[in-house]
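Q: I would like a close look at a single part of this model, followed outward into its surroundings. Could you walk me through it in one connected answer?

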Amino acid sequence: MEINSGIQASLSGRYAVALFDLARDANALDTVADSLAGLKAAVAQSPDFKGLINSPVLSRDASGKTIAAVASSMGTDVLTTKFLGVLAQNRRLGQLPAVIRAYETLLSNHKGEARAEVTSAHPLTKTQIGALAKSLKARVGREVTLDAKVDPAILGGLVVKIGSQMIDSSIRTRLNTLAQAMKG
């Protein structure tokens, strides 16, 4: 698998491949994905959790106990909880967001899907996400899983990244292009 070798080139990718292989062997790919989605949301929403995974001050033991308690309170599955313990023991909890992204990519490829990162100025509705997924499916020829983000700095429009392709229809880019054209 071409993507797999590219992912394995990074440290977080090697961890993600190991977790993916363990989850596949245990028939728990979606269970692990659900746990990782919860962790991803926790990293995005909780400065305390983000501080925990990036703290150089905590010892391996304290980090492992703390992450195990957090995983337990979140209802994280057993495999993901053990995996978090390995990350803590190896002082790699800071790699968790990158590991989650790599795992999502591996899972999408395994299912024959494409992953798209969509950035908008305002949160998209379910109807808009559905229409965008349908449009992207027609463009790439397979199911597309969307990872929506909000960035008010783009002012309006969308920025869509699928693999190495980027479709930038943001107002910020259009204004910058217009400003460059007016300069010369």
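Where is the place of threonine 76?

A: Happy to walk through it with you, and please keep in mind that this is a predicted model. Threonine 76 sits in the loop between α5 and α6. Although it is a loop residue, threonine 76 counts as buried, because its relative accessibility is 13% and the cut-off for buried is under 20%. Leaving aside residues up to four places away in sequence, the contacts of threonine 76 are Ser35, Ala71 and Thr81.

Let us follow the first of those names. Serine 35 belongs to helix α3, and at 10% relative accessibility serine 35 is buried as well. With residues up to four places away in sequence again set aside, serine 35 touches Thr76, Asp77 and Thr80. The contact between threonine 76 and serine 35 therefore joins two residues that are both buried.

Ala71 offers another way onward. Both threonine 76 and leucine 84 touch this alanine. Beyond Ala71, leucine 84 touches Leu39, Ile67, Leu93 and Leu96, once residues up to four places away in sequence are left out. Leucine 84 also brings us to the largest nonpolar core, which has 31 residues. Within that core, the residues with the most contacts are Phe49, Ile67, Leu84 and Tyr103. Two or more residues of the core come from each of these elements: α2 (11-25), α3 (29-45), α4 (47-54), α5 (60-74), α6 (78-89) and α7 (96-110). The loop that holds threonine 76 thus runs between two of these contributors, α5 and α6, while serine 35 lies in another, α3.

Among these helices, α2 and α7 make a pair worth a pause. Two packed helices are described by the angle between their axes and the distance between the axes. For α2 and α7, the axes come within 8 Å and cross at roughly 50 degrees. That angle makes α2 oblique to α7, and the crossing is right-handed. On the α2 side, the residues that meet α7 are Ser12, Gly13, Tyr15, Ala16, Val17, Leu19, Phe20, Ala23 and Arg24. Their counterparts in α7 are Ala98, Val99, Ala102, Tyr103, Leu106, Leu107 and His110. Tyr103 is thus part of this helix contact and is also one of the residues with the most contacts inside the core.

Two other loops deserve a look for their backbone. Most residues other than glycine have a negative phi, and most peptide bonds are trans. Asparagine 27, in the loop between α2 and α3, has a positive phi near 55 degrees. Arginine 91, in the loop between α6 and α7, also has a positive phi near 55 degrees. Their surroundings can be read from accessibility: asparagine 27 counts as exposed at 73%, whereas arginine 91 is partly exposed at 37%.

Now to the rest of the picture. Apart from the largest core lies another core, of 10 residues, among them Val118, Leu136, Val144 and Leu146. A useful guide to this region is leucine 132, found in helix α8 (residues 126-140). Leucine 132 is buried, at 14% relative accessibility, and touches Val118, Leu124, Leu146 and Leu158, not counting residues up to four places away in sequence. Two of these partners, Val118 and Leu146, are named members of the core of 10 residues. To place leucine 132 relative to the helices we began with, take alanine 37: the two are 95 residues apart in sequence and 21 Å apart in space, C-alpha to C-alpha.

The strands complete the tour. An open sheet of four strands runs in the order β2-β1-β3-β4, with mixed pairing. At its edges stand β2 (144-150) and β4 (165-168), each with a single partner strand, so one side of each has no neighbour in the sheet. On average, neighbouring strands are turned by 15 degrees against each other, direction ignored. Strand β1 (residues 114-120) pairs with β2 in the parallel sense over seven bridges, and alanine 114 stands opposite valine 144 in β2. Strand β3 (residues 158-162) and β4 pair in the antiparallel sense over four bridges, with lysine 161 opposite methionine 166 in β4. The hairpin of β3 and β4 has two residues between the strands, and there glycine 163 takes a positive phi near 60 degrees.

How values were computed: Residues are numbered from 1 along each chain as its sequence is written. This is a predicted model: local features need pLDDT of at least 70, side-chain atom pairs count only at pLDDT 80 or more; totals for chains, interfaces and linings use all residues. Side-chain values use heavy atoms; hydrogens and water are left out. A nonpolar core is a set of buried Ala, Val, Leu, Ile, Met, Phe, Trp, Tyr and Cys residues joined through side-chain atoms within 4.5 Å. Buried means under 20% relative accessible area, exposed over 50%, partly exposed in between (1.4 Å probe, protein chains only). Contact means heavy atoms within 4.5 Å. Two strands pair if DSSP finds at least two bridges between them. Axes are lines fitted to C-alpha atoms, for helices over the stretch in contact, and angles run from 0 to 180 degrees between N-to-C directions. Angles under 35 degrees count as roughly parallel, over 145 as roughly antiparallel, 65 to 115 as roughly perpendicular and the rest as oblique. A crossing is left-handed if the near helix is turned anticlockwise from the far one by less than a right angle, and right-handed if clockwise.
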